[in-house]
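Let's work through a few short exercises on one protein model. Take each task first, then compare your route with the solution below it.

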Amino acid sequence: MLLSMTGYGKAESQFRGRKLICEIRSLNSKSMDISVRIAPQFRAHELELRTILTQRLERGKVDLALCFQEEQSNAMPAAINWAAAELYARQYGEHFGTPVPPDVMAAIMRLPDVIKVQDDASDLTDEEWSSLQALMSNAIDAFVAFRLQEGKALQNMFTEKLDSMKELLKQVEPFEKGRVAKIKERLEQNLAQLSAETQAQIDRNRLEQEMIYYLEKLDITEEKVRLTNHIKYFRETMDGDGSGVGKKLGFIAQEMGREINTLGSKSNQSEMQIIVVKMKDILEQIKEQVLNVL
């Protein structure tokens with residue numbers, strides 16, 4: 001089953017009398033790229049938290065938020081730096097020559113260096129650290145479940161696109177059967193238009209050899225067989241387990257593109273070229289979505 005690199009997980013718990021929320025988001029990335037936004041209490045454990053994410057999530061652009069949801073009833077007490085507030089008020093009065101209006105004073109009191117929330121940043125106990133790890137694990141479990149859901153949708157989309165490509169490949173067969181005969185007939189007609197003297201100088205054995213070589217170069221049997229095998233291998237890879245599936249699917253898609261391009265270069269009929277264009281369009285849609293597979 002495929003896993004998407006796009007994911008979201010959330011978990012909540014109580015920590016020192018407050019609600020602690022852990023949220024994990026991710027987007028596709030070629031490597032592991034973690035961005036962390038956590039409360040001051042947990043700064044000392046940031047490295048361990050990053051390690052947990054790396055081991056469980058493997059790859060992606062991951063955002064971790066580990067913060068408290070403040071409520072009016074349990075908001076942390078604030079400390080006012082009166083010296084800083086008086087300094088701002090005095091500078092305002094000296095500059096404008098007027099007393100500080102109430103609205104300006106209210107703005108001064110909201111400045112970061114004037115009022116600060118007193119937070120309990122003491123070290124975590126072993127029990128609190130275990131609780132924090134459990135919270136992270138719950139958020140990651142929800143995150144992985146989201147990835148599985150998105151991966152299932154991706155797999156359904158890939159299956160639909162591969163079925164369409166295989167059907168287009170079958171549509172090539174009717175044009176392929178009469179194609180060689182038409183090419184040979186056209187070459188014969190062009191030769192017939194030559195003068196009798198020129199035709200007499202032509203080495204018929206060499207001409208037959210050259211025609212056979214030319215027609216063999218236009219044969220697309222090998223390309224059809226290889227493309228069919230690539231489609232089959234793509235399906236088998238989707239159904240497999242293990243990390244790096246997304247990268248492997250990307251490599252298979254590249255090989256599919258090579259065979260489709262060769263089909264296009266060998267197509268000398270407008271009907272076949274239209275089919276090849278449709279196959280290229282489907283393949284581009286597959287390549288775009290493969291980037292989201294873990």
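The exercises below go from the whole protein to its largest pocket and then to two backbone angles.

This is a predicted model, in which local features need pLDDT of at least 70, side-chain atom pairs count only at pLDDT 80 or more, and totals for chains, interfaces and linings use all residues. Residues are numbered from 1 along each chain as its sequence is written, and side-chain values use heavy atoms, with hydrogens and water left out.

**Exercise 1. Find how confident the predictor is, and where pLDDT stays under 50.**

Step 1: pLDDT is the predictor's confidence in each residue, from 0 to 100. The protein averages 83, and 82% of the residues score at least 70.

Step 2: Residues 71–76 stay under 50. For this stretch the model has nine contacts (heavy atoms within 4.5 Å) beyond four places in sequence.

**Exercise 2. Describe the overall make-up of the protein.**

Step 1: Count the DSSP runs, numbered from the N terminus, taking helices as H or I of at least four residues and strands as E of at least two. The protein has nine helices and six strands.

Step 2: Of the 294 residues, 35% are buried, where buried means under 20% relative accessible area, exposed over 50%, and partly exposed in between (1.4 Å probe, protein chains only).

Step 3: Take contacts between residues at least 6 apart in sequence; 79% of them join residues at least 24 apart.

**Exercise 3. Work out which residues and helices line the largest pocket.**

Step 1: A pocket here is an open set of points on a 1 Å grid over the protein atoms alone, where a 1.4 Å probe fits, with protein on both sides within 12 Å along at least five of seven lines; lining residues have an atom within 4 Å of a point. The largest pocket holds about 380 Å³ of space, a volume being the space filled by probe spheres set on the points, which are joined across faces, edges and corners.

Step 2: The lining has 15 residues, and Gly246, Lys247, Gly250, Val290 and Leu291 are the closest to the centre.

Step 3: Helices H8 (245–266) and H9 (270–290) each supply at least two lining residues, and H8 gives the most, with six.

**Exercise 4. Locate two non-glycine residues with positive phi.**

Step 1: Most residues other than glycine have a negative phi.

Step 2: Arginine 16 has a phi of about 50 degrees; this residue sits in the loop between strands E1 (7–15) and E2 (18–27).

Step 3: Glutamate 58 has a phi near 70 degrees and lies in the loop between helix H1 (46–57) and strand E4 (60–69).

Step 4: Arginine 16 is partly exposed at 32% relative accessible area, and glutamate 58 is partly exposed at 41%.
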